Amino acid sequence: MCGDDTAALRVVGELVRDVGGVPATLGALDPVRQPEEVAGFVIGLAFAGFDPNSAVPQVPVADHRGSAQR
């Protein structure tokens with residue numbers, strides 16, 4: 001998610017957590033076109049029958065206890 005309003009980012013982050021996701025703040029709204037283009041690319045791969053993970057590396061994330069997981 002991208003945004004300039006920290007309160008809004010906090011609310012959206014909680015909504016993402018509520019549905020089982022892990023929120024990731026990618027930055028401000030100025031460069032938002034770049035992550036949108038990447039998302040479009042990944043969605044296009046999936047609809048074409050390719051595994052999006054073949055083009056986008058998996059990055060370990062910290063769980064709520066602070067340990068890395070995949």
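Helix α2, which runs over residues 33–47, offers a simple check on geometry: at 1.5 Å a residue its 15 residues should span 21 Å, and because its end C-alpha atoms are 21 Å apart, the expectation and the model agree. The model is a predicted one, and the values given here are computed from it. Just beyond this helix, α2 is followed by Gly 49, a residue whose phi is positive, near 95°.

Seen as a whole, the protein has two helices and two strands, and along the sequence these elements follow the pattern α-α-β-β. The chain holds 70 residues, of which 7% are buried, and the accessible surface comes to about 5600 Å², with 60% of that area belonging to carbon and sulfur atoms. Of the contacts between residues at least 6 apart in sequence, 33% join residues at least 24 apart.

Between the two helices lies a loop, and Asp 30 is found in this loop, after α1 (6–18) and before α2. Asp 30 has a relative accessibility of 75%, and because exposed means over 50%, the residue counts as exposed. Although Asp 30 and Gly 3 are 27 residues apart along the chain, their C-alpha atoms are separated by 8.7 Å.

The largest pocket has a volume of about 290 Å³. Its lining draws on several parts of the sequence, with Met 1, Cys 2, Ala 24, Leu 26 and Val 32 contributing to it, together with Pro 35, Val 38, Ala 39 and Val 42. By class, the lining residues divide into nine nonpolar, no polar and no charged. As background for reading the helical positions, an α-helix has 3.6 residues a turn, so residues three or four places apart point the same way.

Key
Residues numbered from 1 in each chain as written. Predicted model: local features only at pLDDT ≥ 70, side-chain atom pairs only at ≥ 80, totals over all residues. Heavy atoms only, no water. Helix = DSSP H or I, 4+ residues; strand = E, 2+ residues; numbered from the N terminus. Buried < 20%, exposed > 50% of the residue type's maximum accessible area, 1.4 Å probe, protein only. Contact = heavy atoms within 4.5 Å. Areas by Shrake-Rupley, 256 points an atom, 1.4 Å probe, with all protein chains shown as cover. 1 Å grid on protein atoms, 1.4 Å probe; cavity = no way out; pocket = protein on both sides within 12 Å on 5 of 7 lines; lining within 4 Å. Points joined across faces, edges and corners; volume = space filled by probe spheres on them. Nonpolar A, V, L, I, M, F, W, Y, C, P; charged D, E, K, R; others polar. Expected span 1.5 Å × (residues − 1).
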